[in-house]
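Subject: Structure handover

Hello,

Here is the structure for you to take over. My notes on it follow below.

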Amino acid sequence: MNLVAELEKMQTDCTEFECLCAVAYMFFANQNVDFAVVECGMGGKGDATNVEKENLSVITSISLDHTSFLGDTVEMIAEEKSGILRKNCTCVLYDKELADIFKDKCNKLVTTENKDNLSLVNATLCELGVEPVSELVRLPARQEHKNGVLLDGGHNLAAAKALEPIIKNETAVIGMMKDKDVDGYLSLIAPKCSRIIATNANNPRSISAKELCVIAKKYCNNVEICENPQDALKYNPTLICGSFYLIREIYNLI
């Protein structure tokens with residue numbers, strides 16, 4: 001069955017993300033899956049994925065992101081994320097210091113002693129009655145090394161804090177979305193670069209290469225503009241970062 005065609009027959013005015021969510025849920029239902037792992041697009045309370053009558057809610061590390069929509073404090077963002085919880089269900093929480101926001105919105109709250117993703121995964125698997133794992137899968141463009149280039153699509157301050165300690169004197173191609181904390185991200189990453197090539201990711205939300213260049217020059221003396229990400233590869237970068245949209249465009253060319 002062509003699920004997209006089925007959805008088109010309904011003639012809705014859904015957004016692209018809402019359509020993708022509908023198709024995903026239709027597919028899961030048709031396949032009668034045991035478990036469906038569904039990631040919220042943004043926040044939780046008003047997200048298109050937030051349609052289940054019951055679930056196992058897994059709240060990963062919370063940091064400042066999408067602040068213009070979700071709020072400008074970790075607590076406000078946590079409140080938005082808590083909207084996916086169900087009174088009759090379990091929540092597995094990474095940031096146990098935020099437990100007060102979540103504990104009364106679910107039947108059972110599980111926190112982990114260690115603040116790392118592996119502990120969170122294994123706590124979740126335990127709730128599902130599945131054997132624990134000893135390591136996590138690697139995701140593309142999450143501190144991924146490919147043919148001598150470090151790729152990292154992280155785009156917020158937390159991602160910058162994770163990337164900053166492992167880079168030094170990089171020739172970096174950087175593109176970002178304008179609704180991110182561009183200045184905060186570059187304040188950590190740009191000083192660790194000997195040369196920055198500011199570029200445009202192919203997305204209407206992308207900050208222009210010129211605007212990115214102006215901000216980057218506050219933290220790095222050697223910044224150039226190359227509006228086409230594919231052309232930016234001629235600079236032989238050692239780091240490409242700031243957006244998954246950017247890396248998606250050039251991933252197969254590296």
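To begin with one residue: N55 is buried, with a relative accessible area of 19%. That value falls under the 20% limit for a buried residue, which is why N55 is put in that class. Please keep in mind that this is a predicted model.

N55 and the first strand pair

N55 sits in the loop between α2 (16-31) and β1. Its side chain makes two polar contacts that I noted: one with the side chain of E52, at 3.4 Å, and one with the side chain of S57, at 2.6 Å. Leaving aside residues up to four places away in sequence, N55 touches I84, R86, C89 and T90.

Two of the residues named above also turn up in the strands. S57 belongs to β1 (residues 56-59), where the side chains alternate: S57 and I59 point to one face and are buried, whereas L56 and V58 point to the other face and are not buried. β1 pairs with β2 (residues 90-93) in the parallel sense, over 4 bridges. In that pairing L56 stands opposite T90 of β2, and T90 is among the residues that N55 touches.

The open sheet

An open sheet is formed by 6 strands, in the order β4-β5-β9-β6-β7-β8, with mixed pairing. Its edge strands are β4 (144-146) and β8 (223-225), each of which pairs on one side only. From one strand to the next, the twist averages 25°.

Within this sheet, β6 (residues 170-174) has β9 and β7 as its neighbours in the order. It runs parallel to β9 (residues 239-241), and 3 bridges join the two; V173 stands opposite I240 of β9. The pairing of β6 with β7 is also in the parallel sense, over 5 bridges, and there A172 stands opposite I196 of β7.

How much of β6 is covered? 5 of its 5 residues are buried. The cover is on both faces: E170, A172 and I174 are buried on one side, and T171 and V173 are buried on the other.

Helices on the sheet

Helix α8 (residues 182-189) lies across β6, β7 (193-198) and β9, and runs at about 160° to β9. Helix α9 (residues 209-216) also packs on the sheet, where it touches β6, β7 and β8. The direction of α9 makes about 175° with that of β8.

α8 also takes part in a β-α-β unit: β6, α8 and β7 make one that is right-handed. The buried residues in α8 are V182, G184, Y185, L186 and I189. An α-helix has 3.6 residues a turn, so residues three or four places apart point the same way. What covers the buried residues of α8 includes α7 (157-163), β6, β7, α9 and β9.

Positive phi values

Two residues other than glycine have a positive phi, and you may want to look at them in the model. For Q143, phi is near 50°. Q143 is in the loop between α6 (117-128) and β4. Its relative accessibility is 25%, so Q143 counts as partly exposed; the partly exposed class lies between the buried limit of 20% and the exposed limit of 50%.

For N236, phi is near 55°. N236 lies in the loop between α10 (229-232) and β9. With 61% relative accessibility, N236 counts as exposed, because that class begins over 50%.

The chain as a whole

The protein chain has 11 helices and 9 strands. Along its principal axes, the C-alpha trace spans about 55 × 50 × 35 Å. Of the 254 residues, 41% count as buried. Among contacts between residues at least 6 apart in sequence, 60% join residues at least 24 apart. The accessible surface comes to about 14500 Å², and carbon and sulfur atoms account for 50% of it.

Regards

Note on methods:
Residues numbered from 1 in each chain as written. Predicted model: local features only at pLDDT ≥ 70, side-chain atom pairs only at ≥ 80, totals over all residues. Heavy atoms only, no water. Buried < 20%, exposed > 50% of the residue type's maximum accessible area, 1.4 Å probe, protein only. Pairing = 2+ DSSP bridges. Polar contact = N/O pair within 3.5 Å; in protein donor to acceptor, adjacent residues only side chain to side chain. Contact = heavy atoms within 4.5 Å. Axes fitted to C-alpha atoms, helices over the stretch in contact; angles between N-to-C directions. Right-handed = clockwise from strand over helix to strand, strands pointing away. Areas by Shrake-Rupley, 256 points an atom, 1.4 Å probe, with all protein chains shown as cover.
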